[in-house]
Amino acid sequence: MHPGPSARPRLHAFDLDLTREEARRRAEVVAAMGDDWDPVAVLEQEEAAHALLHSGLDAEQERTYAMLVEAGVLPGREQDKGDAASH
């Protein structure tokens, strides 16, 4: 015996706007970082670490690095500064 059409659950469309919840979540993240968090200093330290990571390479490492930059896997050294803001 099959239930008739009236036995099917009714589906209702609804919209859920998460804008307010996302704003609250972001505010909580920033508050959790504390008053001494300095985003400019963090970015400068990140750029310095990235530059250090690719410094002092031998000839073979330089060729590999250049190959990866050309393939688009790594940013070039001239792109390192300021490029993080676009990601």
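**A walk through a four-helix model**

Let's start on the surface, with Arg26, which is exposed because its relative accessible area is 53%. Here buried means under 20% relative accessible area, exposed means over 50%, and partly exposed is what falls in between, using a 1.4 Å probe and protein chains only. Before going on, keep in mind that this is a predicted model, where local features need pLDDT of at least 70 and side-chain atom pairs count only at pLDDT 80 or more, while totals for chains, interfaces and linings use all residues. Residues are numbered from 1 along each chain as its sequence is written, and side-chain values use heavy atoms, with hydrogens and water left out.

So what does Arg26 do? Its side chain meets that of Glu22 in a salt bridge, with 2.9 Å from N to O. A salt bridge, by the way, is a side-chain nitrogen of Lys or Arg within 4 Å of a carboxyl oxygen of Asp or Glu. Both Arg26 and Glu22 sit in helix H1, four residues apart, or about one turn of the helix. Glu22 also pairs with Arg25, this time at 2.7 Å from N to O; these two are three residues apart in helix H1, again about one turn. Put together, Glu22, Arg25 and Arg26 form a linked network of salt bridges. Glu22 counts as partly exposed because its relative accessibility is 29%, and Arg25 is partly exposed too, because its value is 40%.

Helix H1 holds another pair as well: Arg24 forms a salt bridge with Glu21, and their closest N and O atoms are 2.6 Å apart. Those two residues are three places apart in the helix, about one turn. With 43% relative accessibility, Arg24 is partly exposed, and Glu21, at 41%, is partly exposed as well. A search of the whole structure finds three salt bridges.

Now follow helix H1, which covers residues 19-33, along to Val29. At 36% relative accessibility, Val29 is partly exposed. Together with Met33, Trp37 and Val42, Val29 makes a nonpolar surface patch of about 320 Å². Patches are built from residues with over 30% relative accessible area and no salt bridge, joining like charges within 9 Å and nonpolar side chains (Val, Leu, Ile, Met, Phe, Trp, Tyr) within 5 Å.

Stepping back, the chain has four helices and zero strands. Helices (H or I, at least four residues) and strands (E, at least two) are DSSP runs, numbered from the N terminus. Buried residues make up 5% of the 87 residues. The accessible surface comes to about 8200 Å², and 58% of that belongs to carbon and sulfur atoms; such areas come from the Shrake-Rupley method with a 1.4 Å probe, and for residues only the protein chains shown count as cover.

For a buried residue, look at His54, in the loop between helix H2 (39-53) and H3. His54 counts as buried because its relative accessibility is 11%. Leaving out residues up to four places away in sequence, His54 touches Tyr65, Leu74 and Arg77, where contact means heavy atoms within 4.5 Å.

Finally, how far can you trust the picture? The mean pLDDT (the predictor's confidence in each residue, from 0 to 100) is 83 for the chain, and 82% of the residues reach 70 or more. Among the elements, helix H3 (residues 59-70) has the highest mean, 94, and helix H4 (residues 77-83) the lowest, 56. Over residues 80-87 the pLDDT is below 50, and this stretch has eight contacts in the model beyond near neighbours in sequence. Where pLDDT is low, the predicted coordinates should not be read in detail.
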